[in-house]
Amino acid sequence: MPPFLYIFLGALAVVSALGVIIQRNPIHSLLALIATLMTVAILFIGEDAVVVGFLQIIVYAGAIMVLFLFVIWLLNLQVETGPTGHLALKFFGSIAAALLATELFFILAPPHLRVKFTHEPAGYGSLASLAGKLFTDYLVAFEVTSVLLLAAVVGSVALARRLPGTDDPRAARKAAS
């Protein structure tokens, strides 16, 4: 992968990660998180870790983000009120700022600070090496993560569930006014 593309994708990942924090709408924040995960997956693929890149897309940008979307819908999160802006202008402005920062880096960076790329050994990022590490060295961490995700889903369902006999607080406010 050419160095300018690597730096551009890294800057784009940082900008989209900032979009996760800055967005007021939870759905827009989720879309920015998907963009961040996709950019990181492209970086993995560019570094010849194709299996890890595609697993990033399938597992995180696919399955986990759909789970987050269902939790957002289940909790019925509303958009925070405040000044509104044009999302497309903010997005393209962020991309332009990332391009300008990358260009500035290439112009001002001395040669000894530039990124040096190395080639990885054969088998790096292959399915066999990933499975070997995942199911030997990191088996406990993998299972703990799955239990943690399950607990988060059960907790969000428990928080969103309304108990029988309780009224909707929004309906009570409307009736009082």
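Is Lys-133 buried, partly exposed or exposed? The points below address this residue and other local features of the model, which is a predicted one.

1. **Salt bridge.** Lys-133 is partly exposed, its relative accessible area being 44%. That value lies between the limits of 20% for buried and 50% for exposed, and therefore the intermediate class applies. The partner of Lys-133 is Asp-137, and the closest N and O atoms of this salt bridge are 3.1 Å apart. The structure holds 1 salt bridge.

2. **Nonpolar surface patch.** Six side chains are named here: Val-50, Phe-54, Leu-55, Ile-58, Val-59 and Tyr-60 make a nonpolar patch on the surface, with an area of about 520 Å². Leu-55, one of these residues, belongs to helix 3, which covers residues 50-75. The relative accessibility of Leu-55 is 35%, so this residue counts as partly exposed. Membership of a patch requires over 30% relative accessible area, a condition that Leu-55 meets at 35%.

3. **Contact between distant positions in the chain.** Ser-94 is located in helix 4, residues 87-108. Its C-alpha atom is separated by 6.6 Å from that of Val-15, although the two residues are 79 residues apart along the chain. Ser-94 counts as partly exposed, because its relative accessibility is 28%.

4. **Aromatic pairs.** How many aromatic pairs does a search of the whole structure find? The search returns 2. One of them joins Phe-91 and Phe-92 in an edge-to-face arrangement, with 5.3 Å from centre to centre and 70° between the planes. The angle exceeds the 60 degrees above which a pair counts as edge-to-face, hence the assignment. Phe-91 is partly exposed at a relative accessible area of 46%, whereas Phe-92, at 54% relative accessibility, counts as exposed.

5. **The pair of Phe-135 and Phe-142.** These two rings also form an edge-to-face pair, their centres being 6.0 Å apart and their planes at 75°. The centre distance falls within the 6.5 Å limit for pairing. Phe-135 has a relative accessible area of 48% and is partly exposed. Phe-142 is likewise partly exposed, with a relative accessible area of 36%.

6. **Reading the ring geometry.** A pair of aromatic rings is described by the distance of the centres and the angle of the planes. For Phe-91 and Phe-92 these values are 5.3 Å and 70°; for Phe-135 and Phe-142 they are 6.0 Å and 75°.

Terms used:
Residues are numbered from 1 along each chain as its sequence is written. This is a predicted model: local features need pLDDT of at least 70, side-chain atom pairs count only at pLDDT 80 or more; totals for chains, interfaces and linings use all residues. Side-chain values use heavy atoms; hydrogens and water are left out. A salt bridge is a side-chain nitrogen of Lys or Arg within 4 Å of a carboxyl oxygen of Asp or Glu. Buried means under 20% relative accessible area, exposed over 50%, partly exposed in between (1.4 Å probe, protein chains only). Patches are made of residues with over 30% relative accessible area and no salt bridge: like charges are joined within 9 Å, nonpolar side chains (Val, Leu, Ile, Met, Phe, Trp, Tyr) within 5 Å. Accessible areas come from the Shrake-Rupley method with a 1.4 Å probe; for residues, only the protein chains shown count as cover. Helices (H or I, at least four residues) and strands (E, at least two) are DSSP runs, numbered from the N terminus. Rings of Phe, Tyr and Trp (its six-membered ring) pair if their centres lie within 6.5 Å; planes under 30 degrees apart count as stacked, over 60 as edge-to-face and the rest as tilted.
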